[in-house]
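Let's work through a few exercises together, one small step at a time. Keep the structure open beside you and try each task before reading its solution.

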Number of protein chains: 2
Amino acid sequence: MAKSIKKKEQPIILITNDDGVTAPGIRNLVEAVKDLGKVVVVAPDKPQSGMGHAITIGFPLRLQRVHLMDDVETWQCSGTPADCVKLAVDKVLHRKPDICLSGINHGANHSINVIYSGTMSAAIEASIESIPSVGFSLLNYSMEADFSGAKQYARQIVQQLLKGKQDKHLCLNVNFPNVDASLIKGVKVCRQAYAKYVEDFDERKDPSGKSYYWLTGEFKNFDKGKDTDVWALEHNFVSVVPVQFDLTDYKVKKKLETKLKF
Amino acid sequence: MAKSIKKKEQPIILITNDDGVTAPGIRNLVEAVKDLGKVVVVAPDKPQSGMGHAITIGFPLRLQRVHLMDDVETWQCSGTPADCVKLAVDKVLHRKPDICLSGINHGANHSINVIYSGTMSAAIEASIESIPSVGFSLLNYSMEADFSGAKQYARQIVQQLLKGKQDKHLCLNVNFPNVDASLIKGVKVCRQAYAKYVEDFDERKDPSGKSYYWLTGEFKNFDKGKDTDVWALEHNFVSVVPVQFDLTDYKVKKKLETKLKF
C-alpha cells in the first residue's frame, strides 16, 4: 500500500527529442533523471533536426512501443517533435505530465537556433499546453559525444524544477558547453544572443546536369553582450534562457500604432 | 536611359508562401503589389502548411523556373518556406530584396498559429536576414476564397512600408477577416492573443488492424483582451501584429536569476 501511494506521488516526466529515439542524447537524459519520477519516452522514429515547430497535418501519425531500456515505457512516433508531445499527452499518458524534457540534443540550440530547433519546438509545444518544459542541448554534434557534464547539470536543473511549483508556461532552453564536466563553471540565466548563420548554398550538378543546392552556413555572433547564452557557453557556463511563445514585439507595436495610417 | 534609371530605383519585392506556387493566395498577392516594384516569386513546389520554421538540412534543394503570370519572374523550390527565402537571396536575387512578402495564406495565422505557420516562418526568416517582411493570411481555408478585401489592404500596407525606411528586422503578421471588402472596418495594430488548439487525435485502424492517428483540434481563445489579433478579426478589422525572433522571456529571466541555485 505504501508503495502504491509513493508511486502516485511520483511526478510524470515526459521525455522526447529531435534526433530520434535511438540517439545517445535521449538515453543520457533518461539515465540522468530516471529516479526523479516516472519517465515515459515518446520520441521521433527518425532524426528530425531543423524541423522547427512543424506539425503533421496532411498525414496521419503512427505510434509504436519500443525498448529503450528496462523499466522505461518508450514509444516511437512517425511525426515531428511537436507531434510527439501532442500525441504523448492525448494517447500515451492520457494526462499532462508534470514536466516535459527534450534532448539532450546533439548540437547547439543557443541564440537563433531556438527558431529552427526541433528539440526546442517540443519544449515550446509543451509550454503552450501548460506543461513546464526544458530543452537540453550539448555543443557537440557527434554521436560519440561525452554527456557526463550535461547529465550532471540536467539532473540538478530538473530536481530544482520538480521541487517547487513552476509557472505552467515555463520553458527553458538549456545548452551545455562541450568541455569536461570538471571545467564547467556553473549555470547562468541568459538572454538569447543576437547571432545568425551567414548562409550560402553549395551548387552541384546531378548526373543529368541539373543543379541542386546544399545549405551551408557559418555561424556569426553579432552580440557583444555578456548576458547572452553564447557568451556564457564560450566561458564554460551552462546557459539557461527562459523562452516564450508570445512573439509580439511590444516596442515596435507602440511605434506602429502612431506610424501606420489608413 | 531614363528607363534604366527608373528600373534601378524600383524596390525589389520577394514573394513566397506556404501553400505552394500554384495557390490562388500567392497569385492575388502578386497582383496586389505588382506595380509597386520588381516582383520576384520563389515559392514551394507543394503545400507546406504547418511546417513551422523547418529548414532542409538532410537533403539538397531544387529550384525551377516556372510561369505564374506574364512579366513576373517565378521559381518553385523543393524546400520549406524558410528555405525559399534563403535560396532566393543567395541564388535568385543575389542580393537582399527591399521587402519580403509571404502569403496570402489560405487560413488564419493569428494568435498561436504564428508558431506553426509556414507563411510566418518565411517572413521571420527574412527578418532574421535583415529584410523587412510581412506575412499575410486570410481567415478562409478555401481555394475559392474571395481575396478582394485582402488585396486592397495588403497593397496599402506594402505601399506604406515601401515609402519610409523600416527597421531592418520589422516583421508583421497581418490577418484579414473573412468578410466582404466593404465590411472591413480598418487596420488595427495588435498583440498576439493567448489562444491555442485543444487537441485530440482521431484514432483509426488501417486494413491490417494497426492504429494510426489524425490530428484534430478545436481553436480556443483564452484571451479576453480587446487589443489582440483575435478580437480585431472578430470585429472585422485587419490585424497587424509586429513579430520578433528574440524568444527570451525577460520577466521570467529576472525571476530565475534569484530562484535557480547551484
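**Exercise 1. Find how strands S1 and S5 of chain B run relative to each other, parallel or antiparallel, and how they fit into their sheet.**

Step 1. Strand S1 (residues 12–16) and strand S5 (residues 99–106) of chain B run parallel and are joined by 4 bridges. Helices (H or I, at least four residues) and strands (E, at least two) are DSSP runs, numbered from the N terminus. Two strands pair if DSSP finds at least two bridges between them.

Step 2. For one position, look at B:Thr16, which stands opposite B:Ser102 in S5 of chain B.

Step 3. Now widen the view to the open sheet of 9 strands in chain B, with the order S3-S4-S2-S1-S5-S6-S7-S11-S8 and mixed pairing. At its edges are S3 and strand S8 (186–189) of chain B, each pairing on one side only. From one strand to the next, the twist averages 25°.

Step 4. Helix H6 (residues 148–163) of chain B packs on this sheet, and the strands it touches include S1, S5 and strand S6 (133–138) of chain B. The direction of H6 makes about 160° with that of S7 in chain B. Here, contact means heavy atoms within 4.5 Å, and axes are lines fitted to C-alpha atoms, for helices over the stretch in contact, with angles from 0 to 180 degrees between N-to-C directions.

As background, strands of a sheet pair through backbone hydrogen bonds, either parallel or antiparallel.

**Before you go on: how to read the model.** This is a predicted model, where local features need pLDDT of at least 70, side-chain atom pairs count only at pLDDT 80 or more, and totals for chains, interfaces and linings use all residues. Residues are numbered from 1 along each chain as its sequence is written, chains are lettered from A and ligands numbered from 1 in the order in which they are written, and side-chain values use heavy atoms, with hydrogens and water left out.

**Exercise 2. Find where the pLDDT of chain A is below 50.**

Step 1. Start with the average: chain A has a pLDDT of 93, and 97% of the residues score at least 70. The pLDDT is the predictor's confidence in each residue, from 0 to 100.

Step 2. The stretch to mark is residues 1–7 of chain A, where the pLDDT is below 50 and there are 0 contacts in the model beyond near neighbours in sequence. Where pLDDT is low, the predicted coordinates should not be read in detail.

**Exercise 3. Explain why helix H2 of chain A counts as largely enclosed.**

Step 1. Count the buried residues: 7 of the 10 in helix H2 (residues 24–33) of chain A are buried, so the helix is largely enclosed by the rest of the structure. Buried means under 20% relative accessible area, exposed over 50%, and partly exposed in between (1.4 Å probe, protein chains only).

Step 2. Among the buried residues are A:Ile26, A:Leu29 and A:Val33. The buried residues of H2 pack against several elements of chain A, including strand S2 (38–44) and H6.

**Exercise 4. Describe what lies on both faces of strand S11 in chain A.**

Step 1. In strand S11 (residues 237–242) of chain A, 6 of its 6 residues are buried.

Step 2. A:Phe237, A:Ser239 and A:Val241 are on one side, with A:Val238, A:Val240 and A:Pro242 on the other.

Step 3. Check the pairing: S7 and S11 of chain A run antiparallel, joined by 4 bridges, and A:Leu172 has A:Pro242 as its bridge partner. Strand S8 (residues 186–189) of chain A runs parallel to S11, also with 4 bridges, and A:Val189 stands opposite A:Val240.

**Exercise 5. Decide whether B:Asp70 and B:Gln166 are buried or exposed.**

Step 1. B:Asp70 lies in the loop between strand S3 (63–67) and strand S4 (73–77) of chain B. B:Asp70 counts as exposed because its relative accessibility is 54%. Its side chain joins that of B:His67 through a polar contact of 3.0 Å. A polar contact is a pair of N or O atoms within 3.5 Å; within protein, one must be able to donate a hydrogen and the other to accept it, and residues adjacent in sequence count only if both atoms are side-chain atoms.

Step 2. B:Gln166 is in the loop between H6 and S7 of chain B, and counts as buried because its relative accessibility is 15%. The side chain of B:Gln166 reaches the backbone oxygen of B:Leu161 at 3.1 Å.
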